[in-house]
Each structure stands twice: as C-alpha cells, then as structure tokens.
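Hi everyone, thanks for making time today. I'd like to walk you through a structure that may be new to you, so let's bring it up on the screen.

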Amino acid sequence: MNRSTSSDLIRRAKRSIPGGVNSPVRAFKGVGGDPVFFNRGNGPYVYDVDNNQYVDYVGSWGPMILGHGHQPTVDAVVAQAQKALGFGAPTEGEITLAEAIIERVPSIEKVRMVNSGTEATMSAIRLARGFTGRDKILKFTGCYHGHSDSLLVKAGSGVLTLGIPNSPGVPAAVAADTLNAPFNDISAVQAIFAQYPEQIACIIVEPIAGNMGCIPPVEGFLEGLQDITRKDGALLIFDEVMTGFRVHKGSAQGMYNIQPDLTTLGKIVGGGLPVGAFGGRADVMSYIAPEGPVYQAGTLSGNPLAVSAGLSTLSHLDDALYERVAQATDALVAGLKALAAKHKVQMATNHVCGMFGLFFDVEQVENFDHVSNSNVEKFNRFFHAMLDNGVYLAPSAFEAGFVSGTHNSEAIEATINMYDVFGLGNALV
Ligand code: PMP
C-alpha cells in the first residue's frame, strides 16, 4: 500500500509542530513507522491522502459512534455555522443539550459544558476538592483522565505508549496528593481510605477502563467504590469521557446501575467537535461559579457549533443503535478470537458494547499489571499488518478500539478476512 504522501506530510509537519502532531499517540511512536494523514471519512471507512481506504476502529478516539459523515449531524453543524459561529453569551441550544444529558444520565442533575475531556476532569477534581475541603484524590493505575497536573500520575493512554510514568513539569507537591490503587482491587482502596480517613476528596475512575486497552469492572468493584466514598464523605467521580453514551444510552453508569456524585463527559457528547462536560448532584454543582465559590470558566464553552453536533448525535442514540453496535463488536471479537485460536496465537480480548481491547500472549486482563505483561511487540506487528491491508486500529497496544453503528457485516467481515489472511497468518505465526 502506497502511503508516500503521508510520509512526506509527517516530514513537513515535524518542522513546524512538535513531533509533527497535535497529540502524542497520533505520532505512531509506540507502533513505529509514519503516521497516516486522513482527509475524509464515510460511515465505517476513512480515506488517507493517498486515497487508501481503511475500516476505521479509532472513530476519532470515540466520538464517531454514528460513523463518519452522519448527515443529520453535518446538516445541523452547517445550519448553525450559517447563523453564527459563536457569541460568548448564552444560547438556547446549551439548555437543550444540558436537558438532553440530564434526561439520559439520571445522576446528573446539573451540567457545565467545557471544551475537552481534560478540562472536564480537571474541573470536576477542583469542584470535589472545593466541596469537601480535602486535597487528596484517588485514581487507578493505568486510567487516563486527561493531562492536567493532578491526574498525570500513573496514567494510561499516550503516557503508557511513550513510557512517561510522570511528566516533567508536574510539581512533586501536586503529584503527592494523587493516591493510586490498582484497577479492580477494592481491598487496596479500602486500605488507602483506612490510611487517610476523611482526607480524600474523591475517587476518580473510568467505570470501564479504556486507556489501557478495554478493561471492564469486575463484579462489585464500582459498587464497592460507591460504598467506601459514601461512608467516608468523599465524592465518587465517574470519568465517562470515553464510556459516556458509548456503551449504553445512560452511559456506563446506566449499564451498571450506579449513581456517582459527579460524572465527566467528552467525545460523543460533542459529536466529533471539541467538547467536554461535567455534571452531577445539584448540591455539588451549585459550588461552581457563578452560583458558588469554585471558579471555572471558558471563552468557547457551550459553543453553538459544538452544541449542535452534540445534540444531533445524542438524538440519534437509541436502543436499536446500541444493539447494532454491540452485535457488530461481538461479531468482530468472536471472529478475531476464532482466528487467533486457529493460528494458535494466544490473544485475550475484552469488549463492552462498542469498545474492545486485544492483548497478545496473556490469558486474562483485569488490571494494568496484566496489560503490561502483554506482548506489545506482537501487537505492533499485528497493527501494521492490519494497516497495510486496510484496517485502521488505534496505533498503540494501550488503547481501546471503537465500533460505530455503521460497521455493518461487510466492514466486520472484511476486517476478519484481512486478519486471517494477512494479520495472524503471515505476520504473527
Ligand atoms: N478521560 C478519559 C477517560 C479519556 O479517555 C480522555 C481522552 N481519551 C480524557 C479524559 C481526556 O480527554 P481530552 O483528550 O478530550 O482532553
């Protein structure tokens, strides 16, 4: 497959952009080789600047649950663009979007829009600290909550890919207030709360971890977090930037039937435009300015284009869509697993609705240690075999894959066929 235009572009990009990219994982540092430059998408497919077609399992890192070029969403954005790009004043669409979020996610009584997942989690942490009057927070190793200082400690995603456990520039004093526990380990959380009683402002957790592959919660884990925080007076924050509206119309909390105190959203809620949101209990959200003392603001927050894309996307997420996404993901994972077995390749898989993770040379993956033991070098070869045959997976062994409602049986079967003939058959055995 000829990707010479992409290779030319990354050389040019490196002269004006650090590493040639505006977000690290895009650079293919983990998997090696030159990143692919895309210029259009349609349904489950994306097309690069050399006009190669790929089945897309990145979906802009999650937002594209309705596939690329979802016409009603494109039309909504265009219609809004013709009226105005923004005012920096309140608009009715913001209320409609807030109402749509609140209607779908019962734990959210009030919600504030921001511009990225990072902003959402950073603001939710500040709010939890302001509300409780406590400084410490607890996160889980391998969970990624964006790149704000407090949260860039033992994080997942690009930090794992690049091997930066803690970034230079994060003050030691800030990192010291971030406690860590292994994901899915409730006794570790109990021990930490016993050590720091009434000192921890919040637990922040990805209810389904998606930044170290895809790792669902073990039974009782999320319920355990709720019990512990309630007893101690800490807040429970579900970071649903990735899982929000991805796994269920009420997000992961709707699927597992848990009501966190605060929730962070991003990706799908912006329909592909730059959006984040945080919301939750009305008494906690009332601590946010201008109602309360905890400061948070944004020039472009609630931007009309972003709001129109988010509203259109949410309005198309019905039970039938989730059913279709779940079935396509089941078929994909079952097909890949069967072929791995046929070729005697050890591959563990996890998947929940439209999220999946593939892990080589391990049997089961429930936490960061398990992911770390997987064979990254084998994943990288697999990734390139797939790429060269028209399947675009996340360029890192530590990222979840995403399936959209447009991944029909043709796209799924094409993926599995490529994997059989070229992926496992040639590259891995
Ligand atoms: N939280 C989670 C769970 C995420 O997956 C991400 C991004 N992948 C973020 C926060 C940060 O979001 P953003 O990249 O929009 O800042």
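Helix H4, residues 117-132, gives three residues to the shell around the ligand, and that is the largest share. Before going on, please keep in mind that we are looking at a predicted model. How many residues surround the ligand in total? There are 17, and the closest are Ser116, Gly117, Thr118, Gly146 and Val241. By character, the shell divides into 11 polar residues, four nonpolar and two charged.

Now let's turn to the sheet. Seven strands form an open sheet with mixed pairing, and their order is E4-E10-E9-E8-E7-E5-E6. Which strands stand at the edges? They are E4 (110-114) and E6 (178-181); each has a single partner strand, so one side of each is left without a neighbour in the sheet. From one strand to the next, the twist averages 20 degrees.

As a reminder, strands of a sheet pair through backbone hydrogen bonds, either parallel or antiparallel. Here is one pair to find on your screens: strand E5, residues 136-140, and strand E7, residues 200-205, pair in the parallel sense over three bridges. Within that pair, Ile137 stands opposite Cys202 in E7.

Back to our helix from the start. H4 packs on the sheet and touches E4, E5, E7, E8 (235-239), E9 (262-266) and E10. The direction of H4 makes about 165 degrees with that of E9. Helix H3, residues 92-104, lies across E4 and E10 (276-280), running at about 125 degrees to E4.

So H4 is the helix to remember: H4 packs on the sheet, and H4 also supplies the largest share of the ligand's shell. Thanks for listening!

Methods:
Residues are numbered from 1 along each chain as its sequence is written. This is a predicted model: local features need pLDDT of at least 70, side-chain atom pairs count only at pLDDT 80 or more; totals for chains, interfaces and linings use all residues. A residue is near a molecule or strand if its C-beta atom, placed from the backbone, lies within 6 Å of it. Helices (H or I, at least four residues) and strands (E, at least two) are DSSP runs, numbered from the N terminus. Ala, Val, Leu, Ile, Met, Phe, Trp, Tyr, Cys and Pro count as nonpolar, Asp, Glu, Lys and Arg as charged, and the others, Gly among them, as polar. Two strands pair if DSSP finds at least two bridges between them. Axes are lines fitted to C-alpha atoms, for helices over the stretch in contact, and angles run from 0 to 180 degrees between N-to-C directions. Two residues are in contact if their C-beta atoms, placed from the backbone, lie within 7 Å.
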